[in-house]
Amino acid sequence: MLVSSIIKAYRLNLSSSSTFANITKRVYNTQNYTRYLNMSLTQKKFNPLKQLVAEKPFKIAVIGSGNWGTTIAKVVTENAKQYDKLFYPIVQMWVFEEEIEGEKLTEIINTRHENVKYLPGIRLPSHLVANPDLLDTVKDADILVFNIPHQFLSRIVSQLKGHVPPTVRAISCLKGFELGDKGVQLLSSFITDELNIQCGALSGANIAMEVAKKKWSETTVAYQMPEDFRGKGKDVDHQVLKALFHRPYFHVSVIDDVAGISIAGALKNVVALGCGFVEGLGWGNNAAAAIQRVGLGEIIKFGQMFFPESSVETYYKESAGVADLITTCSGGRNVKVGKMMAKTGKTALECENELLNGQSAQGIITSKEVHDWLVTCNKVEDYPLFEAVYQIVFNNVSMDKIPEMIEELDSLGSAVDKDSDSEDSS
Ligand SMILES: NC(=O)C1=CN([C@@H]2O[C@H](COP(=O)(O)OP(=O)(O)OC[C@H]3O[C@@H](n4cnc5c(N)ncnc54)[C@H](O)[C@@H]3O)[C@@H](O)[C@H]2O)C=CC1
Ligand SMILES: O=C(CO)COP(=O)(O)O
């Protein structure tokens with residue numbers, strides 16, 4: 001009886017535009033959660049996304065094949081196979097070609113189904129095709145998933161200009177900003193402006209290797225429906241994006257706040273460098289937590305100041321917010337680079353080269369982009385942590401000075417420590 005009413009609830013939901021998350025909420029609301037847990041797996045596996053059908057299955061192309069690029073390509077290829085009425089089963093992945101011990105990386109991926117350089121030890125689906133030709137990769141694609149280190153985006157986009165019809169939709173998985181004539185820009189907005197295509201973003205607490213190993217995590221996809229939406233089954237909407245990225249081990253929440261998730265994703269990399277500094281100095285967990293607290297405040301302030309369309313809620317409710325800050329500061333590449341800088345005295349670029357085997361710690365460049373932008377706006381003093389990270393990375397300022405550099409002034413406008421110092425010496 002209960003089971004049939006839950007299945008009925010599922011079906012009711014199907015006829016509305018509810019998402020999987022809403023369905024789960026309804027099950028919770030029945031207050032028969034324990035009995036729900038005891039339902040057979042077959043009943044639980046009823047998946048409303050399987051009902052989605054496209055008039056002509058959407059072709060997917062992934063641009064990028066690094067650590068996260070390859071992982072996301074694996075995720076969407078698994079879904080292309082699962083949702084065969086919605087997606088074309090073969091996914092193209094553009095690879096910046098390089099030779100590994102005399103063999104082309106694309107050939108290795110296409111024959112051994114492993115990206116031995118950027119995602120070693122992970123078996124890739126056989127219908128994921130590595131392609132060294134950018135324009136051939138995107139030919140006839142309906143959905144472009146951008147996933148490269150953000151310093152390469154503008155060059156890639158300029159090569160794509162004139163080769164992507166305006167009906168194509170895109171998602172940017174990059175974390176960073178574009179700083180150009182228009183000031184500081186979201187990468188999704190940059191893609192939209194340059195290619196004249198609608199572009200959303202994917203961002204979350206997602207260390208790539210964990211997702212690649214199918215360890216459970218969450219993410220946030222943000223997409224605003226375009227004015228020229230062509231209709232259900234003909235165009236990309238939130239449900240299609242859920243089907244594209246959601247896996248049993250990779251839970252997706254789809255929202256509208258592209259700016260919020262993008263700002264959080266870009267700036268947490270700068271905070272993670274700062275976190276690495278204090279950890280590398282051996283200052284302990286309290287110091288790391290202090291950096292994250294100040295960092296979260298500056299992230300939210302940056303969003304409100306420069307992208308007022310972003311929602312503060314996104315920073316604490318979504319995986320792309322504080323959860324991403326926590327995971328990156330625990331085990332990401334940026335925190336590792338910061339730690340190594342503190343322990344060895346080497347520069348950020350030396351540490352990136354030595355630690356990451358061709359991968360990128362995006363916080364290094366982002367800290368410069370943020371600094372340059374804040375200088376332009378005369379707002380440097382409002383972001384003492386971002387500025388401290390920039391000064392340490394680019395001007396060799398001593399990390400020991402972090403507490404002074406980020407210290408908040410008391411109501412009298414003076415730093416409390418100065419008083420206590422004079423007490424000590426008296
Ligand atoms: N790795 C991770 O855990 C996560 C990364 N991200 C974000 O995803 C984006 C992509 O990161 P990853 O895939 O990890 O890249 P990565 O850090 O592994 O970078 C290596 C990639 O850059 C490519 N590359 C090197 N030189 C190039 C050039 N001149 N032009 C074009 N490509 C070149 C390499 O071929 C390789 O595919 C970044 O913005 C990152 O912040 C987001 C979530 C998780
Ligand atoms: O974005 C990430 C986790 O969500 C990865 O962070 P790193 O680039 O610091 O590894």
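## Exercises: a sheet and a ligand shell

Val221 stands opposite Val254 in strand S12 (strands are DSSP runs of E, at least two residues, numbered from the N terminus). This is a predicted model: local features need pLDDT of at least 70, side-chain atom pairs count only at pLDDT 80 or more, and totals for chains, interfaces and linings use all residues. Residues are numbered from 1 along each chain as its sequence is written, while chains are lettered from A and ligands numbered from 1 in the order written.

**Exercise 1.** Find which strands stand at the edges of the sheet.

*Solution.*
- Write the order of the eight strands: S5-S2-S1-S6-S7-S10-S11-S12. The sheet is open and its pairing mixed (a pair needs at least two DSSP bridges).
- Read the ends. S5 (128–131) and S12 (250–255) each have a single partner strand, so one side of each lacks a neighbour in the sheet.
- Add the twist: it averages 25° from one strand to the next.

**Exercise 2.** State how S11 and S12 are joined, and which helix lies across them.

*Solution.*
- Six bridges join S11 (217–222) to S12, and the two run parallel.
- Helix H15 (319–331) lies across S10 (198–203), S11 and S12. H15 runs at about 140° to S11.

**Exercise 3.** Describe the shell around ligand 2.

*Solution.*
- Start with the nearest. Of 13 residues around ligand 2 (C-beta, placed from the backbone, within 6 Å), Asn206, Thr328, Gly332, Arg333 and Asn334 come nearest.
- Assign helices. H12 (258–280), H15 and H16 (333–344) each supply at least two residues. H15 gives the most, with three.
- Sort by domain: domain 2 (50–256) and domain 3 (261–421) each give at least three residues.

Note on methods
Helices (H or I, at least four residues) and strands (E, at least two) are DSSP runs, numbered from the N terminus. Axes are lines fitted to C-alpha atoms, for helices over the stretch in contact, and angles run from 0 to 180 degrees between N-to-C directions. Two residues are in contact if their C-beta atoms, placed from the backbone, lie within 7 Å. Ala, Val, Leu, Ile, Met, Phe, Trp, Tyr, Cys and Pro count as nonpolar, Asp, Glu, Lys and Arg as charged, and the others, Gly among them, as polar. Domain bounds come from an automatic or database domain assignment.
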